Amino acid sequence: MEIFKKMEEHDYEQLVFCQDKNSGLKAIICIHDTTLGPALGGTRMWNYETEEEAIEDAIRLGRGMTYKNAAAGLNLGGGKTVIIGDPLKDKNEEMFRAFGRFIQGLNGRYITAEDVGTTVADMDMIHEETDFVTGISPAFGSSGNPSPVTAYGAYIGMKAAAMEAYGDDSLEGKTVAVQGVGNVAYPLCEYLHKEGAKLIVTDINKEAVQRAVEAFGATAVEPNEIYSVEADIFAPCAMGAIINDETIPQLKVKVVAGSANNQLKEQRHGDELEARGIVYAPDFVINSGGVINVADELYGYNNERAMKRVETIYDSITRIFEIAKRDGIPSYIAADRMAEERIERVRNSRSQFLRNGHGHDILSRR
């Protein structure tokens, strides 16, 4: 892999490779863009087959966080970490404390949080070494696990997508095919079940599937069958790049709306969804509830304030569909445009500030 060429493609600022022999830590921190503020993004632990695969995931996820934070109106840039290892077997306290020291060494350029394969307890261990971490235990004044709030945001966004596709945002009687039944998808299923939706679920973790079947009366299918089931809505809530050449022809739904990051394997797959008349709720907007929630910790966490802001995901998704129709573009491009325009406005404002000589005034006071 030509790393600098890859970084130049989407103007990544920094990749940090972290290794601690004693604990077995092998981590990659990606800082994509800090125009709006310090990079905020979670730490994912996954048993990647190759180091190249881990790097690809880190940079894909890091850029996604830039767009997510910008679209959510947060004064934060985008970044992400991946730790190479099996989250069920390879974790230890020394690993996360070593990782915390690496974060501390970045001096605030990057703030981490929970993600796939990591927990609040892991964040607490990181917190032993740095304050640049969110989603820690409420005992430390934090909001705790952000996954239920991400689920709530995905549920709200799914209702907005249903309104676009069906002219009614009620999910009662709708069949939702949920891929993955993990920390975010399980509470999402709970919201859907309470509204009267019918659930079809799958996961590589058979125990998670059985739990959903018992709690919500869900129908279980094998992982490779979830794309072709008869349903109204497909909710990708596991790994990314699952909307691709192989899966799109199998879809029998009118809506794709789920919590997974980077659902489109390539941008052209968003065009293909549009061509097939499938309403797509852009992933980095619909799944922004968790980051909105943990970002509130930076101001002294207030649950009511955070949840009210999460509910604006409905309006954001609706606005994206309006932009898409107005400009004659697919929804994923409309979402990108909304985020990019905000970043550019701030970048231009800062440049104008410096051109007017204020930067010299600030430096002269130091």
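**A tour of two cysteines and one helix**

Select Cys189: this residue is buried, with a relative accessible area of 0%. Keep in mind that you are looking at a predicted model.

Now add Cys237 to the selection. Cys237 is buried too, and its relative accessible area is 13%. Turn to the sulfur atoms. Why is there no bond between Cys189 and Cys237? A disulfide is a covalent bond between the sulfur atoms of two cysteines. To count as one here, the two sulfurs must lie within 2.5 Å. The sulfur of Cys189 has its closest cysteine sulfur in Cys237, but that is 7.2 Å away, so the gap is too far for a bond. Seen from the other end, Cys237 is in no disulfide either, with the sulfur of Cys189 as its nearest. Across the whole structure, the number of disulfides is zero.

Next stop: helix H12. Select residues 313-327. You should have 15 residues highlighted. From the first C-alpha to the last, H12 reaches 21 Å, close to the 21 Å expected at 1.5 Å a residue.

Colour the buried residues of H12: Ile313, Ser316, Ile317, Ile320, Phe321, Ile323 and Ala324. Where do they sit around the axis? They cover an arc of only 160 degrees, which means they lie on the same side of H12.

Rotate to the face turned away from that buried side. Here you meet Lys325 and Arg326, which are exposed.

Last, step just past the end of H12 and select Gly328. Its phi is positive, at about 65 degrees.

Definitions and conventions:
Residues numbered from 1 in each chain as written. Predicted model: local features only at pLDDT ≥ 70, side-chain atom pairs only at ≥ 80, totals over all residues. Heavy atoms only, no water. Buried < 20%, exposed > 50% of the residue type's maximum accessible area, 1.4 Å probe, protein only. Helix = DSSP H or I, 4+ residues; strand = E, 2+ residues; numbered from the N terminus. Expected span 1.5 Å × (residues − 1). Arc of directions from axis to C-beta.
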